[in-house]
Amino acid sequence: MTTDTDTASVPSPAPSGFDNDNRQAATIGDSARDYVNRLRGGDMGSLPAILGLVFLFVVFASLNDRFLTTYNMANLVIQAGSIIVLAMGIVFVLLIGEIDLSAGVAGGASATIIALMLIDYDWTWWAATLAGVAVGAVIGLAIGSLVAFLGIPSFVVTLAFFLALQAVPLKLIGSGGSLRFNDEVLRGLSIKNVPVTAGWIAAILIVVGFAALSLWRYRSLSAKGLVHKPLGLVVIQIAVLAVIVLGITALLSANRAPNPDLFTIAGIPWVAPVVIALLLFWTYILTKTRFGRHLYAVGGNAEAARRAGINVRRVRIMAFVICSSMAAISGLLAASYTGKVSPGSGGGNELLYAVGAAVIGGTSLFGGRGRALDAVVGGLVIATIPNGLGLLNQASYINFLVTGGVLLLAASVDAISRRRRSSAGV
């Protein structure tokens, strides 16, 4: 992802709470004070979304005993899958201060191509999936090129694509028609589960891998005399991750069948490993690669990034390519959940929910700040609202009112945080 014009790297500021001349590890107390200072300075990250998610869980659990059942928690994971994946793609566009209004229908068009390849041409599931993702990438390439080379505002370009791409499934399927999405593997992403033993093995490997990587990084930085987290904080982070991962695995490994005496439904839904794999991959891209650093630099100040030797046009194009490719995967997951593709696939509130998930999770609408993890946290918040309200038999308009209110609150927090960061000189 680099060219000769990309050789300049963007310098990373020293971690908060450390001086360049003081490279010893701080204490846990120092780290806590540093975190509080960053919160006061407007760097809130995903904290509001996490607190909001906890609040929703407490409220819905207190109002309905079925909310925290293993059956409903598994449904929540499945329902959130497509929103989270689409939100991950939206994060890349928001990071450069742009918007993609066509991501939802791009996913619907890509899912239509996948379904046609499976039904009419008898392609294998993986070949059809690659074709769908390729369609998404081409859509992103076209959008990114128009934005980067012609300078057309992304709002206008993606609005045009939002209107035009709705013609694809309408032409290929026909008004009022639908295509069954019944491939055993792809449909199984929503209706089948990872074997319980395999789920436990994967969970343990995730915890052990994270622990090994964290301790290795601590030892390496400590040996070189570079700034590093205190060992106590590293251990706490490992413990928290272990509790979350192993706790969720234990919850979803229990038999959640409505009638457990007749049959068994247990294991992590296959959607979850897909989301986790994408989360790890894009987190690595954003935090450990030159392209990731360039993406943040362009979002922070495009002109300064250009003067530093970054190919700003290519970064913008790649952001849209990634967004539309992730939209294709999201469309696949949505089709897997509903079991069909129709002319209206991707044209509803999918995009609005995905943008809301990214913003609620902590990604800034103004560019330069955001993580792939934001999409996961925000997506869970967005999915929890209709899930909990549905169990309470609330009217559908209540869902829209609550979701809109949560999004407005998140946007307000983002604007206030940005103002506080500016006043603090961050």
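Helices (H or I, at least four residues) and strands (E, at least two) are DSSP runs, numbered from the N terminus. The legends below describe a predicted model, in which local features need pLDDT of at least 70 and side-chain atom pairs count only at pLDDT 80 or more, while totals for chains, interfaces and linings use all residues. Residues are numbered from 1 along each chain as its sequence is written, and side-chain values use heavy atoms, with hydrogens and water left out.

**View A. Salt bridges of Glu303 in helix α13.**
Side chains of opposite charge can pair when their charged atoms come close. A salt bridge is counted when a side-chain nitrogen of Lys or Arg is within 4 Å of a carboxyl oxygen of Asp or Glu. Glu303 and Arg306 meet this rule with an N to O distance of 2.5 Å. They stand 3 residues apart in helix α13 (residues 302-307), so about one helical turn separates them. Arg307 also forms a salt bridge with Glu303, with 3.0 Å between the closest N and O atoms. Arg307 and Glu303 are 4 residues apart in helix α13, which again means a separation of about one helical turn. Salt bridges that share partners thus join Glu303, Arg306 and Arg307 into one network. For accessibility, buried means under 20% relative accessible area, exposed over 50%, and partly exposed in between (1.4 Å probe, protein chains only). Glu303 is partly exposed at 36%, Arg306 is partly exposed at 47%, and Arg307 is exposed at 67%.

**View B. The salt bridge between Lys192 and Glu184.**
The closest N and O atoms of Lys192 and Glu184 are 3.3 Å apart. Is Glu184 buried or exposed? Glu184 counts as exposed, with a relative accessibility of 61%. Lys192 counts as partly exposed, at 36%. A search of the whole structure finds 4 salt bridges.

**View C. The interface of domain 1 and domain 2.**
The protein chain is divided into domain 1 (45-192 + 269-413) and domain 2 (193-268), with bounds that come from an automatic or database domain assignment. Taken over C-alpha atoms, the centres of the two domains are 25 Å apart. Contact means heavy atoms within 4.5 Å; by this rule 10 residues of domain 1 touch 11 residues of domain 2. The two domains bury about 940 Å² between them, 73% of it on carbon and sulfur atoms. Buried area is the accessible area (1.4 Å probe) that two parts lose on being put together, summed over both. Thr70, Tyr71 and Pro269 supply 48% of the area that domain 1 buries against domain 2, more than any other three residues. The rule finds 0 salt bridges across this interface.

**View D. Helices on the side of domain 1 that touches domain 2.**
The elements that give two or more residues to this side are α3 (70-95) and α11 (271-288). Helix α3 gives the most, with 4 residues.

**View E. The surroundings of Ile114 in helix α4.**
Ile114 lies in helix α4 (residues 103-119). Its relative accessible area is 1%, so Ile114 is buried. Which residues touch Ile114, leaving aside its neighbours within four places in sequence? They are Ala128, Thr129, Gly132, Phe181, Leu186 and Leu332. Ile114 and Thr287 are 173 residues apart in sequence and 32 Å apart in space, C-alpha to C-alpha.
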